[in-house]
Every structure is written in structure tokens, then in C-alpha cells.
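Here are a few short exercises to work through with the structure open beside you. Try each one before reading its solution.

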Number of protein chains: 2
Amino acid sequence: MRVFIAGIDGYLGWPLALYLSARGHEVAGADLLLRREWVAEVGGDSALPIASRAERLEAFRGTRGFALDFRVGDLTDYAFVKGFFEEFQPEAVIHLGQMPSAPYSMMDQAHCVWTQRNNVINNLNILWAIKEVVPEAHLIKLGTMGEYGTPAVDIPEGFFEVEFRGRQDRLPFPRQAGSWYHQSKVHDSHNTQFASKIWGARATDIMQGVVFGTRIPEMGDDWRMRTRLDFDQCFGTAINRFCCQAVIGHPLTLFGLGKQKRGFLPLADSMRCLGLAVENAPAAGEYRVFNQFENAYSISELACLVRDVAAEIGLAVEIKRYDNPRTEMEEHYYNPDRQHLLDLGYEPTRDISLVVKEMLLDLCDNRGRIEAHAELLIPDIRWDASRKRSEVIG
Amino acid sequence: MRVFIAGIDGYLGWPLALYLSARGHEVAGADLLLRREWVAEVGGDSALPIASRAERLEAFRGTRGFALDFRVGDLTDYAFVKGFFEEFQPEAVIHLGQMPSAPYSMMDQAHCVWTQRNNVINNLNILWAIKEVVPEAHLIKLGTMGEYGTPAVDIPEGFFEVEFRGRQDRLPFPRQAGSWYHQSKVHDSHNTQFASKIWGARATDIMQGVVFGTRIPEMGDDWRMRTRLDFDQCFGTAINRFCCQAVIGHPLTLFGLGKQKRGFLPLADSMRCLGLAVENAPAAGEYRVFNQFENAYSISELACLVRDVAAEIGLAVEIKRYDNPRTEMEEHYYNPDRQHLLDLGYEPTRDISLVVKEMLLDLCDNRGRIEAHAELLIPDIRWDASRKRSEVIG
């Protein structure tokens, strides 16, 4: 199948290009390489060395024997998106090309507006380019489990049957997102569902959990085929950041009580799930929502997991609680469904401690890169748009 | 109270400036005068002559004895918004400054993206300027009843108590908006609620019905104090358009079955409701939603009302059904609440036929202006982004 990946240079986009092309799909993609700039802007760097676009393309051709069509371009430029679709004629479009950091979007007015402008407009452009160029193509849009927030009821996959004052309806499940970035994803979900309704667009809206991991098998042994791994307060997500902390002997940083629960999944599971979505398209006009995660964990459970796995390889790790820079519930009910992907054949990774061990070993080889930016392991971006470094509270 | 009106040149903004200043509030406002450009772009014109900004300001000073601070500026320019707030120090901010037309937003990619970019960014800018300059100020943001769509259950005011799988929560009522414009308002509602949550912003989110009418008493007799009245397919809403059709002997144009139900309210009621919101601010951190309409009517009920009132003043009016250019349910349950404003003292207009009669009389004096653009009374903008003039179907 011809699969277009928006955001092909990213943490997920690059491995997905490797994964889908290894499965025999014809992959093309676009990226403005902004993730590299954002991480530099906040003073960070990937914990694992990452190849430039040119090196990646050279490694791809060298190991696969054919070229990858990965172009530098701005998805908020409609002419670029439409022109690329006209040339490539995608049958599936996977939209990963967005600014993905909650704290980055919370810094100030400029970052908030930039995030929503970029994410909303590039998603609209992709919807319009599908409509105008390849109306039968299937859009797989990456949303986030964070769109739902933490309601006191179970979280279904996108829709729920409700009774209200004696009448019944199937309604979209309400979204209560917790950052300007997460709000931008909510806006995109609404826009995507509407496009499906009025134009008959085929759409899969992925509410993805937090991804962790450094490898998928399709990367092989060439370092240039590896993906990035961030650990700064903006782009480093929980397990990835804990593993980076563990290998340099930094305390694992729980925010607040650490009882916040979220869905998580290994990088390889994310690839498998996106592959299942690509290979099982919905009908014309169908808008379906997949909650995509291996399991739900509390942050402190995960910190304990990282500590225990680290101990197995001889790393002594402390866990500390820091005052929470975010406005969020620290203790709450959390029970999201994730049946749709299981129905398509998704087999969640059985033992995530093996993934954590693999990560720790990969990161041990790169301690110096993390130590050089260790000050980034403590957050200072607060949800009231102030800056104040978090302090140990327990 | 110092009240800032974003969109002070518009159909609602200008009368609101007159209404609130007559009630003793100190009013200032901004507008980029884009409504005048959009209506010209789609080939339309106001059915009633409207004064230029300079003429309005002159008439205001002449009749009221003091100047109105009405500046031309772009609300998507944060420096402009913030600077104006720093100078004026508003205690309430009423945000009417958006592109308000569903068909205009549905025309093509450019109009869709422009609408969402403008509406989302200027609302974010107002939220940030309140946070950074006047954090105690009360934001009254104009949303629309169209954000809710037409669910098969009652529509509460923003939130509902639900039971789902044996657990209960109070959740935002799901939004199912029917155009790119309406979607932009949904995005703004989500962003506004989030600002209230993280910053403690005081916010009233008005889900307003469709407004109709030509006058409020505070306009007096000077024509320069009157507001615009549009009848083109983009900016002419149902009753206003029917009245324009009636006075030139054009059939009233029902779309499809004409059984679509919506909330409606006279212009004077809109002013009274917005005044009540201004004068009854919520607590810090409170985000409240008002459904603002006089009553819910089907489109064919309203067409019959206009026909009957027109007959009283000697105008013979036909009603015709046209094929529906919109994707919408034409027959549906519709039962929205509107208790919050009644609780604050809103007394809905008792007899809307009097408002319709007043409109018809005002419009009779301006038949030539409507006849000059009569071709705009039949829509051709379709929800699939094609253009095809609607035809009579019954």
C-alpha cells in the first residue's frame, strides 16, 4: 500500500517508515525537521545520537536497496501537501507531524498560539488534500489518550451510549484535555470527525498512550537507522526520562503524589498498532477511534519498575517526589477501554520490563550525552506560565 | 464597569456598545472591519444602509455627548490586544470578534483554514491578555447553540451528570458542530474552559441562538446608529433573510424539509442577555455556560410566522422548499435548556411577531438595496465544497 507519513523524521515517524517499508508498503513522507529545533530551543539533545536526514536516507538506501521519498516541507503550506499527494497518490496517510509537547505549549502566549496554529492548520490541510486529491485514502491521525483527561467514569473508545433524562443517544465522549497541546489534539479530533461526516472520509483517530523505548527490530544494527530519545522536560516522556535518570544516578522525578495514571506502550507496540490500522481500513465515511496503549500504570508504579530493572543491571536508583509543575489531578479513577486494536489482532508486549532493560542498556552507552544536559531533568515550566524549578517534596 | 467589546463594528457589537454605554458602562472596543469586507467578497450588502466607522463615532459623540474608544485593530495580533488591555484595563471583555458564517467557512480550503486560524488565535490572544493584564476580568465569549449539533437527548447548559457503567460524573456535554465555523467555536469553548481551569479565569460561554431584528431602542432616530442587516447566503441568517425575501416578493427559501429546529432570539434579547452576563460575573475560576435564546422553532414555523406577519402589512408571501446545500439532519429531536439566564432575570420577548413586523417595515423602506442583490437569496455553497445553486423541490 502507498503510505504517506506526515512527520517522518520524528520519534515515531522514522521507525514507522522502517517498519511499514519492511512490511512491503511503499512509504513516502514529509517533515520540516522542527523536532530537532524545538529540542535545541529548550536546551536539550537526544540521549541517543541521531543521524541527519541525509545520513538516514543514505542508510535506508544502503540497507534496503531502494530510496525513501522523505521531503522537507511545511504541512501548514497547503500547496506543498496537495502537490505531494498529487504526485504520490497515497492510499493511507498517517499524521504524526505535530508539535507533541505539553510543557512546550504551556510556556507562554507565543508557544501556545504557535502550537495550536501549527497543529490545527496542518491537520486541516491533510483533511483537505485527502478530499481534493485522494478521497478514498484512509487517514490515521495520531491523537492522544490525554484528550480524555481523567474523568470519574470509564473511558470508552471515542463514543458512548448515554441515557439523559429518559432518552438515549450515542455521543462523542467528552474531551477534557490538560494542556494547550492536548487541546490542539482535541480540536483536530473534532475537525477529523466532521470531515468524515461531510465528505465520507475514512478516518482512524488514534488516542495513543505514552510511548517508551529505544528500538524496533527493523532498525537493524546501523546506528543511522535508530530513532531519537529525548529526556528534557518538554520532549522527554515519563519512562524514557526515568531511564535516562537511572543511568546517570539521578533520582527518578515523580511529580506530586505520583499516583497519576496513564496508558503506556512500547515503541514496538505503537508500530504494530499503527500497522494494524493501516492494513485494516474503515469503510468510506467511517470515523473510528482506537485507544492505543499496552496498559494503564501509575507514574510511581513505572518509577518502581525502572528502579527494579536498573537494580538487575547493577544501577542503584532513588525515587523522589517533586512539587508538581502541572495542574492535574494526582489521584483519580482511570479505566480506559482498548478493545478495538485487540479485535484487529494487537498482542500487547507481555513483559515491559524487558523493554525497560533494553532501553537502560542502550542508554548506558550514552551516559555522557545525558550528563551534559542533566539540569534538564528537573522541570521548571509551570501550568500558570511561570518558570520555577521543582523542588524535592518527599 | 469598563467593558471591552471585541468585534464592536458587527451586527451585535455595535448595538451592544450603544446598549451598554446607555446603561452607564464605560465601553471600548476593537474591530478590523472585516465583516464589511466579507459581505462584499460574497457579493452582498447590508439591506439597511450602515454608517462608516467615522460616521458611527461622530453620531455617537453627537447623541451621547462623549467619545467612544473604538479602534481598528487585529485581534490575532497579540501586541495589539495586550496593549489595548493595558491602556483600558477592562473589567469585562465581550468577545464577538470572529468570522461568524457557516457557509463562508465551507467554501474551500482557504476559507476553512482562515476561519479556524482567525477564530482560534484571536480567542487565545484574548485569554492570554486577560491572564497577563487583567486576571480578574470576566470574559464573556460568544459561542453558538450550533456547537451542540442536534443530539437525540436534551441539551443542558454546557455540562451534564451522566451515569456510565455504574459510575457517575459531571462532564462537558459533547459538541457535534455542523460547519468549520461552528467547529472553530467548539475549539474556542474548549480553550476557554481550560484557561478557566488552569488560570482561574472568570468566564461565561454564551451558546447563542440565531439572532434576528433591526433595532434596539438605544439606537434612537439617527440612521448612523443603526446596525447592519445581511441577507446573502453567508451572512444572512434565517429570519433576517426571510424578511428580506418577503419585502421584495421573493419566495421564502426553506432548505430541505424545513423541519430543522434551532434556538432564536431578537436582537434586543441578545443585548439584554449579554448585559445580564456582564452585570453578574462568575467567581474566579468559574467557567459557566449559558444557552441564550428566546425559544426553539422549526425553520418552517418561522417562515409561516414571517408570511403571516407580512400578510398583515399587505405583503403576499410564498414559501418554497429548496434542495438543502448543507449536510444536516432535517428532522430531529431538539430540546435545549435555557434556565441560567432566566435565573439572572432574563425576560424573553413575549411576542416575536412584533419584532418581525418592525423588521419588515424597516426593510420596506430599503427594497431597492435587496432587489439589487436578489440573486444572493438562493444559496450555492454546498457542504461538500462544491458550488451549485439550490433548486425548488416543493
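**Exercise 1.** In this predicted model, work out how helix H8(B) passes helix H12(B).

*Solution.* Step 1: find the two helices in chain B, with H8 at residues 238-247 and H12 at residues 352-364. Step 2: their axes lie 9 Å apart and meet at an angle of about 50°. Step 3: angles from 65 to 115 degrees count as roughly perpendicular and those under 35 as roughly parallel, so H8(B) is oblique to H12(B). Step 4: look at the handedness, and you will find that H8(B) crosses H12(B) in a right-handed way.

**Exercise 2.** Which residues make the contact between H8(B) and H12(B), and of what class are they?

*Solution.* Step 1: from H8(B), pick out Ile239(B), Cys243(B), Cys244(B), Ala246(B) and Val247(B). Step 2: from H12(B), add Val356(B), Met359(B), Leu360(B), Leu363(B) and Cys364(B). Step 3: sort them by class, which gives ten nonpolar residues, no polar ones and no charged ones.

**Exercise 3.** Work out how chain A is related to chain B.

*Solution.* Step 1: a turn of 180° with a shift of 0.0 Å along the axis lays chain A on chain B, with an RMSD of 0.0 Å. Step 2: the two copies are therefore related as by a two-fold rotation axis. Step 3: 100% of the interface residues of chain A are also interface residues in chain B, so the copies meet through the same surface.

**Exercise 4.** Check the radius of gyration of chain A against that of a compact globule.

*Solution.* Step 1: for 394 residues, a compact globule would have a value near 21 Å. Step 2: chain A has 20 Å, which agrees.

Definitions and conventions:
Residues numbered from 1 in each chain as written. Chains lettered and ligands numbered in written order. Predicted model: local features only at pLDDT ≥ 70, side-chain atom pairs only at ≥ 80, totals over all residues. Axes fitted to C-alpha atoms, helices over the stretch in contact; angles between N-to-C directions. Helix = DSSP H or I, 4+ residues; strand = E, 2+ residues; numbered from the N terminus. Parallel < 35°, antiparallel > 145°, perpendicular 65-115°, else oblique. Left-handed = near helix turned anticlockwise from the far one by under 90°. Contact = placed C-beta atoms within 7 Å. Nonpolar A, V, L, I, M, F, W, Y, C, P; charged D, E, K, R; others polar. Least-squares fit on C-alpha atoms with pLDDT ≥ 70 in both. Rg over C-alpha atoms; globule rule 2.2 N^0.38 Å.
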